[in-house]
Amino acid sequence: MVKWADIYLSKDRGGLGIPASRRMNVALMLRWVWRILRGDGGLWLQLIESKYLQGQPLLACSHSVGS
């Protein structure tokens, strides 16, 4: 068995080099937030804006479900 703490260590420190999933999830979500704020999302952004934001800025959105 391998401890979770060892899995997240870099390979040069004896771990498996797998990134922490929570940190990766936060980083990827922040990347999408950055793209939304810049207006650089293409068709995906148009879909999210029409379905969830409904003409409001991202920071004024009141939806709190989902990731």
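This is a short walk through a predicted model, stop by stop, with something to select at each one.

**Before you start**

Residue numbers begin at 1 in each chain, following the sequence as written, and side-chain values rest on heavy atoms, without hydrogens or water. Because the model is predicted, local features need pLDDT of at least 70 and side-chain atom pairs count only at pLDDT 80 or more, while totals for chains, interfaces and linings use all residues.

**Stop 1: the whole chain**

Show the cartoon first. You should find three helices and zero strands, running α-α-α from the N terminus on. Helices here are DSSP runs of H or I with at least four residues, strands are runs of E with at least two, and numbering starts from the N terminus.

Now turn the C-alpha trace along its principal axes: the spans are about 50 × 25 × 15 Å. The radius of gyration is 17 Å, whereas a compact globule of 67 residues would have one near 11 Å. That radius is taken over C-alpha atoms, and the globule rule is 2.2 Å times the number of residues to the power 0.38.

Switch on the surface. About 6,000 Å² is exposed, with 58% of it supplied by carbon and sulfur atoms; such areas come from the Shrake-Rupley method with a 1.4 Å probe, and for residues only the protein chains shown count as cover. Of the 67 residues, 12% count as buried. Buried means under 20% relative accessible area, exposed means over 50%, and partly exposed is in between (1.4 Å probe, protein chains only).

**Stop 2: the nonpolar patch**

Select Val2, Trp4, Tyr8, Leu16 and Ile18, which together make a nonpolar surface patch of about 540 Å². Patches are built from residues with over 30% relative accessible area and no salt bridge; nonpolar side chains (Val, Leu, Ile, Met, Phe, Trp, Tyr) are joined within 5 Å, and like charges within 9 Å. Zoom in on Trp4, a member of helix 1 (residues 4-7). Trp4 counts as exposed because its relative accessibility is 60%.

**Stop 3: Arg38 and its partner**

Move to Arg38 in helix 2 (residues 21-38) and add Asp40. Their closest N and O atoms are 4.0 Å apart, forming a salt bridge. The term stands for a side-chain nitrogen of Lys or Arg within 4 Å of a carboxyl oxygen of Asp or Glu, and the structure holds one. Arg38 has 53% relative accessibility, so this residue counts as exposed; Asp40, at 37%, is partly exposed.

While Arg38 is selected, draw a distance to Asp12. The two residues are 26 apart along the chain, and their C-alpha atoms are separated by 37 Å.

**Stop 4: helix 3 and what follows**

Next select Leu45, in helix 3 (residues 42-53). Is Leu45 buried or exposed? With a relative accessible area of 4%, Leu45 is buried. Add Trp32: the pair is 13 residues apart in sequence and 9.3 Å apart in space, C-alpha to C-alpha.

Go on to Tyr52, also placed in helix 3. Its relative accessible area is 35%, so Tyr52 is partly exposed. Between the C-alpha atoms of Tyr52 and Ser62, ten residues apart along the chain, the separation is 9.0 Å.

Then pick Gln54, in the segment after helix 3. Gln54 counts as exposed at 59% relative accessibility. A line from its C-alpha atom to that of Ser21, 33 residues apart along the chain, covers 31 Å.

**Last stop: the charges**

Finally, color by charge. The protein has 9 positive and 4 negative charges, and their mean positions are 4 Å apart. Lys and Arg count as positive and Asp and Glu as negative, with His and the chain ends not counted; each charge is placed at NZ of Lys, CZ of Arg, CG of Asp or CD of Glu.
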